[in-house]
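User: I would like to go through the terms used for this model and see how each one is justified. Please set the values against the definitions.

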Amino acid sequence: MNIKQDLKLKEIRYLKPKKFKDFRGEIWTSWEKKFFENLNFNLDKFTISKKNVLRGFHGDNKSWKLVTCLKGEILSVFVDYRKNSKNFLRYTSIKMSEKNKISVLIPPYFLNSWLCISKECLYHYKYSFKGKYNDVKDQISLKWNDPGINFRWPIKNPILSKRDR
């Protein structure tokens with residue numbers, strides 16, 4: 001597994017697996033404990049989205065998230081939401097897909113948003129947190145077009161949930 005820091009937000013990590021491919025298909029490892037001994041994953045979630053669905057900027061103050069696009073292609077954006085950070089509200093972005101198999105490790109106080117840019121996407125969240133899971137009411141949420149972030153999405157009218165409008 002190859003692990004790299006993001007160039008803009010050093011706390012964000014990209015994990016690129018080594019894959020084995022033959023006539024049967026492919027196999028790869030998405031996570032190895034030896035690389036991040038301090039994380040204990042305790043919740044997995046999956047979401048299926050259709051093209052032009054945009055899932056807004058969400059995060060919390062205690063969860064580490066390992067996210068992967070298992071099917072399709074997405075444009076993913078990560079925002080530093082640490083109010084005392086020199087990078088507060090700065091973002092970085094990456095395209096993730098079933099082809100590049102990149103996973104991203106997102107620390108607490110960083111927000112995650114993404115847009116499905118293929119016909120359909122299957123997205124996986126792997127969570128590590130202490131205590132109870134911070135569900136919707138306890139999360140940090142910003143609008144997809146928040147002027148403080150000022151990310152230029154490649155779409156004018158995305159499909160949004162009520163929460164993300």
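User: What makes the sheet with the order β9-β8-β11-β6-β13 an open one, and which strands are at its edges?

Analyst: The model is a predicted one, in which local features need pLDDT of at least 70 and side-chain atom pairs count only at pLDDT 80 or more, while totals for chains, interfaces and linings use all residues. Residues are numbered from 1 along each chain as its sequence is written, and side-chain values use heavy atoms, without hydrogens and water. The open sheet has five strands in the order β9-β8-β11-β6-β13, with antiparallel pairing. Its edge strands are β9 (91–97) and β13 (140–142), each of which pairs on one side only. On average, neighbouring strands of this sheet are turned by 25 degrees against each other, direction ignored; the axes are lines fitted to C-alpha atoms, for helices over the stretch in contact, and angles run from 0 to 180 degrees between N-to-C directions.

User: How do you know that strand β8 and β9 pair?

Analyst: Two strands pair if DSSP finds at least two bridges between them. Strands are DSSP runs of E with at least two residues, helices runs of H or I with at least four, numbered from the N terminus. Strand β8 (residues 73–80) and β9 have seven bridges in the antiparallel sense, so they satisfy the criterion. Ser76, for instance, has Ile94 in β9 as its bridge partner.

User: What makes β2 a partner of both β1 and β10?

Analyst: Strand β1 (residues 2–5) and strand β2 (residues 13–16) are antiparallel and share four bridges, with Ile3 opposite Leu15 in β2. Three bridges join β2 to the antiparallel strand β10 (residues 103–106), where Leu105 stands opposite Arg13. Both counts meet the requirement for pairing, so β2 pairs with each of these strands.

User: Why is the contact between Cys116 and Cys121 called a disulfide, and why is it right-handed?

Analyst: A disulfide is a pair of cysteine sulfur atoms within 2.5 Å. The sulfur atoms of Cys116 and Cys121 are 2.4 Å apart, so the pair qualifies. The torsion about their S-S bond is about 90 degrees, which means that the disulfide is right-handed. The structure holds one disulfide.

User: Why is Cys69 not bonded to Cys121, and is Cys69 buried or exposed?

Analyst: The sulfur of Cys69 is 5.0 Å from that of Cys121, the closest cysteine sulfur, and this is too far for a bond. Cys69, in strand β7 (residues 64–71), has 2% relative accessibility and therefore counts as buried. Buried means under 20% relative accessible area, exposed over 50% and partly exposed in between (1.4 Å probe, protein chains only). Cys116 and Cys121 are buried as well.

User: What makes Arg82 and Glu11 a salt bridge, and where in the chain are they?

Analyst: A salt bridge is a side-chain nitrogen of Lys or Arg within 4 Å of a carboxyl oxygen of Asp or Glu. The closest N and O atoms of Arg82 and Glu11 are 3.1 Å apart, so the pair meets the rule. Arg82 is in the loop between β8 and β9 and Glu11 in the loop between β1 and β2, 71 residues apart. At 27%, Arg82 is partly exposed, as is Glu11 at 28%. Both residues belong to a network of salt bridges with Asp80.

User: How do you know that Lys34 is exposed, and which residue does its side chain meet in a salt bridge?

Analyst: Lys34 has a relative accessible area of 56%, so Lys34 is exposed. Its side chain meets that of Glu32 in a salt bridge, with 3.5 Å from N to O. Glu32 is partly exposed at 27%.
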